[in-house]
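Dear colleague,

I am handing over the structure below, together with some notes for a reader who has not seen it before. Please read them with the structure open beside you.

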Amino acid sequence: MNRELTVLAFAFGYLAILFLIAAWANRRAEQGRSVINSSLVYTLSIAVYCTAWTFYGSVGRATDSGPSFLLIYLGPTLAMLLGWYMIRKMVRIARAQRITSIADFISARYGKSGFLAALVTLIAILAIMPYIALQLKAITISHAVLTGYPSLPDTGANSLFTLDQTFWVALVLALFIILFGTRHLDASERHEGMVAAIAFESIVKLMAFLAVGLFVVFWLYQGPGDLLQQAAAHPSLINSMGLDQVPGGVTGWVGTLLLATLAFITLPRQFQVLVVENVDERHLKRASWMFPLYLLIINLFVIPIAFAGVLLGETGQSPDSFVLTLPLAAGQNTLALLVFIGGLAAATGMVIVETIALSTMVSNHLVMPLLLKSRWLHLDPLRDISRWVLNIRRIAILLILLLGYAYHVLVGDAYSLVTIGLVSFAAVAQFAPSLLLGLYWREAKRLGAAIGLIGGILVWAWTLLIPGFVLSGWIDSQLIEKGPWGIEWLRPYALMGLEGWDIYTHSLFWSLTVNVGLLLFVSLFTRQSQLEQTQAAIFTAALRSDVMQTPVWQGQATRGEIYQLLSRYLGAAASQQIFTRVDAHPPTSEDITPAPSRLISQAEQALTGALGSTSARVLMNSVVRGEALDLEAVLSILDTTTQTLEYNRRLEQKSTELAQIGEELKAANTRLRELDKLKDEFIAMVSHELRTPLTSIRAFAEILRDNQGASPEQQAHFLSIIVKESERLSRLIEEILDLARLESGRMQLNPQRIDFNQLAKDSVDALTRLFEEHQVQLEQQLPNQEAWVMADPDRLQQVIINLLENARKFADPKAPQVVLSLFQDKESWVLTVEDNGAGIPTQEREKVFEKFHQIQQRQTSGDNQSRPKGTGLGLPISRGIIEHQKGQLQVEDPHQLSGARLVVRLPCATAPLDETSPAG
Amino acid sequence: MTHVLVVDDEPNILLSLEFLMQQAGFEVSTAADGETALERINQNCPDLLLLDISLPGISGFEVLETLRSAPRTRRLPIIMLTAHGREVEKEKGMALGADDYVTKPFSTQQLVERVRQLLDETQPPTADV
């Protein structure tokens, strides 16, 4: 009895500490110095995943089914390492939409459907009931083991419930949670105190488990080596840890892993700590490795403890109690007490978060919607409803724990701890399809989600829940063995004849198949309401930063109406805070100025935080005239943003284009100026070139006229100069006229089919004497066939002669060499003239086709003597002529000699029908 | 004897000028470009210079500038010759210190007259040196 009192004192003392921590954290939060704003606290709060099931049950499952217990922790590890991006999306949505629970989340996704929220709530209660029962059972058994050792604990429910310890445990916990979690209604529905307390509990359970682990390995045995050696003496023991011991083989592995992965996110308490209570989404990233680390540490000693427990033999009692019986058998009562507190921490942590989450769901999604529908609440609008909400939650907490107790009484003994946990896992896993598909598939629809959920949970109930009642003896075992009414394919553990799988994988497989199948099928054939379309769009696009800021109200209400509504549900102080957050004006009930849509959205969010999205929507609809924005409106708002961006982008593009045009204009202007300057220069050049021979002619003419003592030889010489200069003048005038005709397009060309080859030969003949005079070596590389082109023969010959003359002039004066070649290149005849002179530098190659380029060159370079003279118009004219006949004339890299290489390309023409017709 | 230097890059024009100046009774030397002209002037400073503007290498303007910046040739009478008929060139030449300006093609009589005139203006007493 004394021991009993000590244990009770410690247990209540522990609860008191929890209470104090929560109160302290709440006060800190009110002061704005949150203790839970840290990734470590966040990680520890997620560790509420490790319940009494982990604390006692892991050793039990390791003893019974080998390393399969690890899968329960591998699942969350995977979810955190690989799924944090998805969890972040949920966190962001929950933050923006003031989501309070998983039921709220799913309901909000499918158009704030009240029915769906209620359905999820009911399923959650059904699913969690066994799980809470498990915690109650764990507390009761551990208490019994601790106080009654070495006699076996009496775990059977007492027929008179007032004498049943488990009943009192449930009641005490209910009272504790009511005191702890429903002190006031918070618009944000965040539980700082709770999270802080849970984080503390995670430390306690980890320490306790590590303590017993270290005790077993290093106190009872001389380290892990010694323990393994002793265990090795029992081959059956070592074999029990083999991978093949996992029930259901490979499918069992996969099934359990999937089950744990999904449940980690869909368990109401996990959703609560992971998503709803998340303070800062950056914590998620650190938690993604810290949490798996926590799981690793807490599982470190599971197998050693299992070994030691089995080696203990009879005195070890049930494997689920090894952590307690090992210290007790060694007489370490204090350690056993610590272990008991650790187990209590694990159990209470789970029960606290789970019941708070469930009670919020019950009040928000089951009771409040019903109350709001009843008329009397509307009749008395000034009534303070926030007190009602709290009372509803308190009652819900009590009922949930009592339901857990009821399950414990009815089914409790049929399944072991781990088994009960997995039954719950399989039930909450039914939330996964509508939750996760809803995050990524916009077409997932409300009815699909609801029917999928119902279908999935019915299959779960048939394959796991009802067999539990069978095992407890409430239903005839014929159901499992032969199926209902002897229908074999309906047997709960072998649905559709699927046998050989472990019961959880079997159940998960069928329930998820039905669930997902119905969700997909029904979604494809139903339509969404406007609100649902909007929400679906917002949820699936949640990671876009602009989506969450979109105000979704376009209705009208006065500020006074909104204020009345808010203060009714949240109290005056909280309501005023909301108003001052939106704008600086303090609100009054009489204020009849229209509320801005941002205020309406904020008000709905605040109500959602307190009452859930469904009820908040109903309340808002009661004061706001006009509907929420429909999908088109939301999308158009989104589009406007996109359009603005697009517009900005186009604007930017246009200004770039403008800048470009400006540049082009500037360039054109420069070019025009250049052209103008060129024109001036051309005129000056022409003037200069005309005046120069004219000067000589006039001067000598006047000299001869005045006859001032010039000798007859001189006179003859002067006359010849006059003639030469006159010729030069005529030539020049002819060329200038040619150029003018070419440029104005008035050059008379007479194109005809001519033999380019013959024309080249004729041109060479015309120049032979001149070349010989200058001792220029001319090599001809002409083909043995006609080269038909369309051209004016006289003009083309003018070009060839001009090129040959230039080549002669520019060839190396010491041993002048010129090569003339003609060949076919694809569709063109190509004539090249190459010399062995100094050549034309690359940058000059186009300039040689500018008018008077040669003269400008001569003036600037200064080598007057060495450079041959020309008018500087030959090449520009040649090019003009060639281009007028659809050909090209350009300077290219020398091929055979070192100097310039000028190339004429003219398109090939077909041979004339009459081959005998002469050309050129 | 009065020494006239004629500078032009056109051999025929140079020949005609040389003949004209000789006929007018001057001692004539010639240069076909600016550098040669400056060299000649350096060796044997003429009494008058007939200077074409468009020369290969150093232009007539540059020659003029060089001469006007040296003390010895600052007052050397210079007549510019040009085939460009533009007023700007004339103004530029005058601004740089040319004494006269003759546009090609020129009247031979007028040119000789201007040469004489300029020599009279600038060399009054010691004409017979």
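Before the first point, a definition is needed: a residue counts as buried if 20 or more other C-beta atoms lie within 10 Å of its own, and as exposed if 12 or fewer do, with the C-beta atoms placed from the backbone. Please also keep in mind that this is a predicted model.

By that definition, strand β2 of chain A (residues 777-781) lies largely in the open, because the number buried among its 5 residues is 0. β2(A) belongs to an open sheet of 5 strands with mixed pairing, in the order β2-β4-β5-β7-β6 of chain A, and in this sheet β2 and β6 (888-892) are the edge strands, each of which pairs on one side only. Neighbouring strands of the sheet are turned against each other by 15° on average, if direction is ignored.

As for the pairing itself, β2(A) runs parallel to strand β4 of chain A (residues 817-825) and is joined to it by 5 bridges, with Val818(A) in β4(A) as the bridge partner of Leu778(A). Strands β5 (residues 828-835) and β7 (residues 901-907) of chain A, by contrast, pair in the antiparallel sense over 7 bridges, and there Ser828(A) has Pro907(A) in β7(A) as its bridge partner. Helix α31 of chain A (residues 756-773) lies across β2, β4, β5 and β7 of chain A, and runs at about 175° to β4(A).

Finally, the contact between the chains takes 21 residues from chain A and 22 residues from chain B. On the side of chain A that touches chain B, α29(A) gives the most, with 13 residues, and the residues of that side divide into 6 nonpolar, 10 polar and 5 charged.

With best regards

Definitions and conventions
Residues are numbered from 1 along each chain as its sequence is written. Chains are lettered from A and ligands numbered from 1 in the order in which they are written. This is a predicted model: local features need pLDDT of at least 70, side-chain atom pairs count only at pLDDT 80 or more; totals for chains, interfaces and linings use all residues. Two residues are in contact if their C-beta atoms, placed from the backbone, lie within 7 Å. Helices (H or I, at least four residues) and strands (E, at least two) are DSSP runs, numbered from the N terminus. Ala, Val, Leu, Ile, Met, Phe, Trp, Tyr, Cys and Pro count as nonpolar, Asp, Glu, Lys and Arg as charged, and the others, Gly among them, as polar. Two strands pair if DSSP finds at least two bridges between them. Axes are lines fitted to C-alpha atoms, for helices over the stretch in contact, and angles run from 0 to 180 degrees between N-to-C directions.
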